[in-house]
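User: Please choose one part of this model and look at it closely. I should like to see how it is set within the chain and how the rest of the chain is arranged.

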Amino acid sequence: MKLSWDDTGSRFYETGVDRGVLYLPNNGVYDDGVAWNGLSTVTEKPSGAGATAVYADNIKYLNLVAAEEFGGTIEAYTYPAEFAQCDGTSIQNEGVYVGQQTRKSFGLAYRTKLGNDVDGSDYGYKLHLVYGALAAPSEKAFATVNDAPEALSFSWEFTTTPVSVTGLKPTALLTVDSTKLTSANLLALEDALYGTAGTSPRLPLPDEVIGMFAGAQTAVTPEAPTFVSATGVITIPTITGVTYRRADTNAVVSGTVTIAGTAGASLVIHAAPTNGTYKFTANSDDDWSFTRTA
């Protein structure tokens with residue numbers, strides 16, 4: 001087949017950034033997502049992967065390739081209150097912020113739009129999922145209001161620590177292209193990322209994301225654990241495709257769990273699909289809070 005260039009419908013481009021979501025990690029999982037309004041730019045900056053030449057027998061014998069790192073820059077006009085701890089700020093009281101504290105890692109999701117010469121920027125989109133990010137200190141330039149005022153723009157450099165992927169090298173970045181995937185499986189991922197009426201937004205780990213697109217998903221409905229408030233005993237249901245965890249330690253739980261302590265002690269139980277081959281039915285509840293009365 002003879003090559004051709006710039007055919008109708010094949011002039012593709014990528015633009016924009018929106019639907020930013022910040023995820024705070026909880027013992028290895030990202031189960032606490034909040035919307036990031038005012039996101040203006042995300043710059044991806046891979047680094048490393050440089051080749052070092054090795055010579056032997058008077059010739060270039062081989063190239064040794066260094067490990068690849070992933071980092072970038074986030075720019076925004078505002079940020080979620082939850083990001084303060086990722087920016088080294090501790091909120092001691094409402095409206096009182098203490099800087100120069102330990103910075104916590106975070107996950108991030110954002111969307112870029114795909115376009116072509118036929119559909120414009122409505123052709124499709126990509127979802128970018130970032131894991132193990134750590135923000136570095138950045139400057140904030142406050143300027144006087146004048147006849148050409150500008151809104152203050154915040155900027156953070158970040159580095160990442162990769163997470164494991166079965167059968168592949170660890171990674172800190174996944175990209176999902178809507179134009180290459182079925183709408184049903186893509187909806188399952190977006191329901192996880194953005195939450196539904198009954199489920200909290202979370203950032204699935206790479207193995208689960210990959211599993212979502214390996215084939216048709218089985219819909220399951222998590223059942224609420226039963227609870228005896230006087231004894232603090234929680235009984236965990238057994239549902240194929242549903243994994244229950246303690247919110248305080250992220251430990252998987254089954255059978256019965258007893259809330260330690262006396263009256264007033266509480267525990268939250270989270271549910272999540274066991275892997276990417278399962279998804280929750282629409283509007284399923286995925287977390288429950290229990291409190292002892294004695």
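Analyst: In helix H1, the buried residues are Asn-185, Leu-186, Ala-188, Leu-189, Glu-190, Ala-192 and Leu-193. The model under discussion is predicted. An α-helix has 3.6 residues a turn, so residues three or four places apart point the same way. The buried positions of H1 may be read with this in mind, among them Leu-186, Leu-189 and Leu-193.

The elements that cover these buried residues include strand S1 (13-26), strand S10 (120-135), S14, H2 and strand S21 (278-280). The cover thus includes the helix H2 as well as several strands.

The length of H1 can also be examined. The helix runs over residues 183-194, which makes 12 residues, and at 1.5 Å a residue it should span 16 Å; the C-alpha atoms at its ends are 16 Å apart, so the expected and modelled values agree. Directly after H1 comes Gly-195, with a positive phi near 80°.

One residue of the helix deserves particular attention. Leu-193 belongs to H1, and it counts as buried because its relative accessibility is 1%, whereas the limit for a buried residue is under 20%. Once neighbours within four places in sequence are set aside, Leu-193 is in contact with Val-21, Tyr-23, Leu-127, Leu-129, Pro-201, Arg-202, Leu-203 and Pro-204. One of these partners, Tyr-23, is 170 residues from Leu-193 in sequence, yet the two C-alpha atoms are 9.3 Å apart in space.

For the chain as a whole, contacts with a separation of 6 or more may be counted, and 63% of them join residues 24 or more positions apart. The chain has 294 residues, of which 36% are buried. It contains 2 helices and 22 strands, and its C-alpha atoms fill a box of roughly 75 × 60 × 55 Å along the principal axes.

An exposed residue offers a contrast with Leu-193. Thr-262 is found in the loop between strand S19 (256-258) and S20. Its relative accessible area is 58%, and Thr-262 is therefore exposed. Not counting residues up to four places away in sequence, Thr-262 touches Arg-292 and Ala-294. Thr-262 and Thr-218 are separated by 44 residues in sequence, and their C-alpha atoms lie 40 Å apart. The pair formed by Leu-193 and Tyr-23, by comparison, is 170 residues apart in sequence and 9.3 Å apart in space.

The backbone angle noted at Gly-195 leads to two further residues. Most residues other than glycine have a negative phi. Asp-6 has a positive phi near 60° and is not a glycine. This residue lies in the segment before S1, and Asp-6 is exposed because its relative accessible area is 54%. Asn-58, also not a glycine, has a positive phi of about 65°. Asn-58 sits in the loop between strand S4 (51-56) and strand S5 (59-65), and its relative accessibility of 85% is why it counts as exposed.

The helix H2, part of the cover of H1, also appears in the description of the pockets. The largest pocket holds about 490 Å³ of space. Among its 23 lining residues, Val-29, Arg-202, Glu-208, Arg-245 and Ala-272 lie nearest the centre. Two or more lining residues come from each of strand S2 (29-36), helix H2 (206-212), strand S18 (242-246) and strand S20 (266-273). S20 contributes the most, with 4 residues. Arg-202, named here among the residues nearest the centre, is also a contact of Leu-193. By class, the lining has 9 nonpolar, 7 polar and 7 charged residues.

The second largest pocket has a volume of about 410 Å³. It is lined by 19 residues, and those nearest its centre are Glu-68, Pro-162, Lys-169, Pro-170 and Thr-171. Strand S6 (68-76), strand S13 (168-171), strand S14 (173-177) and H2 each give two or more residues to this lining. S13 supplies the largest share, 4 residues. The lining divides into 14 nonpolar, 2 polar and 3 charged residues.

Finally, the confidence of the prediction should be stated. The mean pLDDT of the chain is 91, and 100% of the residues reach 70 or more. Among the elements, S14 has the highest mean pLDDT, 96, and strand S7 (residues 90-93) the lowest, 84. S14 is among the elements that cover the buried residues of H1.

Notes:
Residues numbered from 1 in each chain as written. Predicted model: local features only at pLDDT ≥ 70, side-chain atom pairs only at ≥ 80, totals over all residues. Heavy atoms only, no water. 1 Å grid on protein atoms, 1.4 Å probe; cavity = no way out; pocket = protein on both sides within 12 Å on 5 of 7 lines; lining within 4 Å. Points joined across faces, edges and corners; volume = space filled by probe spheres on them. Nonpolar A, V, L, I, M, F, W, Y, C, P; charged D, E, K, R; others polar. pLDDT = per-residue confidence, 0-100. Expected span 1.5 Å × (residues − 1). Buried < 20%, exposed > 50% of the residue type's maximum accessible area, 1.4 Å probe, protein only. Contact = heavy atoms within 4.5 Å.
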